[in-house]
Structure formats: structure tokens, C-alpha cells
Amino acid sequence: MGSGRWHAGNIGPGNPFEKVPELSRRARGVPVWVALRSLGRDGTIALVDRLAADARALADGLRSMPRVEVFNEVVFTQVCVSFGSDARTRRVT
């Protein structure tokens, strides 16, 4: 990674890792690895189970509200919801 990577004269195929700022961050997986390593297998499983349970609880709570529709069966952590009109959605969010 030379300091000239942003100069106009630096044209050509080259190494894509030296052309794009996002790709220059080679150690992006380190924080994830550290978190997984510190939690261990059981801790990671517990974390994922809690997140999935929280998503199901959120969906159940939203279903109990008037004019709220949950569109999906929550099997992991995503809840797809509608509050009716666009105007109401803007007020809720």
C-alpha cells in the first residue's frame, strides 16, 4: 500500500485491495473472532438463542397491537411488520 494509491497516475488493474478503502481493512474479522472466542461455543449459542427469543417476543407484542400486522413467521431474528398506512408508520418509527 503505497501513499500514491490515490493519485490520478495510479491507473491500471493493480491489486484491488490497494484501490478501494473498504478493502484496505484486512483485519475486519478480528473483532468478531475475539467476541466468538470470548463467548465460547455455549455463550455464542446462548446469545443467538436470546436474540431469536427477543425477536419472537417483539413479534408477539406487535401482533397484540391494533392495526399492526406481522408478515412473517419469526424463525430467527427478523420481524417484518406493517403499521398500516405510511403516515402511521412514520409516526410509530
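**View 1. Serine 82 is placed in strand β2.** In this predicted model, serine 82 has a relative accessibility of 18% and therefore counts as buried, the cut-off being under 20%. A polar atom of the serine 82 side chain lies 3.1 Å from the backbone nitrogen of glycine 84. Leaving aside residues up to four places away in sequence, serine 82 touches Arg67, Val68, Glu69 and Phe71. One of these contacts, Arg67, is taken up again in View 4.

**View 2. Helix α1, residues 30–63, bends at glycine 40.** The bend of α1 at this glycine is about 105°. Helix α1 has 34 residues, and a straight helix rising 1.5 Å a residue would reach 50 Å. The C-alpha atoms at the two ends of α1 are only 39 Å apart, short of that span. Among the elements of the protein, α1 has the highest mean pLDDT, at 95.

**View 3. The buried residues of α1 pack against the two strands β1 and β2.** Ala52, Ala55, Ala59 and Leu62 are buried in α1. Their packing partners are β1, residues 69–70, and β2, residues 81–82. Serine 82, itself in β2, is also buried, at 18% relative accessibility. Aspartate 54 belongs to α1 as well, but its relative accessible area is 52%, so this residue counts as exposed, the cut-off being over 50%. From aspartate 54 to threonine 77 the C-alpha distance is 7.8 Å, while the two residues are 23 apart in sequence.

**View 4. Arginine 67 lies in the loop that runs between α1 and β1.** The phi angle of arginine 67 is positive, about 60°, although this residue is not a glycine. Arginine 67 has a relative accessible area of 61% and is therefore exposed, being over 50%. The exposed arginine 67 is nevertheless among the residues touched by serine 82, which is buried.

**View 5. Helix α2 spans residues 86–92, and threonine 93 is found in the segment after this helix.** The mean pLDDT of α2 is 88, the lowest among the elements of the protein. Threonine 93 is exposed, with a relative accessible area of 75%. The C-alpha atom of threonine 93 is separated by 9.6 Å from that of phenylalanine 83, and the two residues are 10 apart along the chain.

**View 6. The whole protein contains 2 helices and 2 strands.** Starting from the N terminus, the order of the elements is α-β-β-α. The protein has 93 residues, of which 11% are buried. About 7,400 Å² of the protein is exposed, and 59% of this area comes from carbon and sulfur atoms. Taking contacts between residues at least 6 apart in sequence, 8% join residues at least 24 apart. The average pLDDT of the protein is 83, and 74% of the residues score at least 70.

Methods:
Residues are numbered from 1 along each chain as its sequence is written. This is a predicted model: local features need pLDDT of at least 70, side-chain atom pairs count only at pLDDT 80 or more; totals for chains, interfaces and linings use all residues. Side-chain values use heavy atoms; hydrogens and water are left out. Helices (H or I, at least four residues) and strands (E, at least two) are DSSP runs, numbered from the N terminus. The expected span of a helix is 1.5 Å times one less than its number of residues. The bend at a residue is the angle between axes fitted to the seven residues ending there and the seven starting there. Buried means under 20% relative accessible area, exposed over 50%, partly exposed in between (1.4 Å probe, protein chains only). Contact means heavy atoms within 4.5 Å. A polar contact is a pair of N or O atoms within 3.5 Å; within protein, one must be able to donate a hydrogen and the other to accept it, and residues adjacent in sequence count only if both atoms are side-chain atoms. Accessible areas come from the Shrake-Rupley method with a 1.4 Å probe; for residues, only the protein chains shown count as cover. pLDDT is the predictor's confidence in each residue, from 0 to 100.
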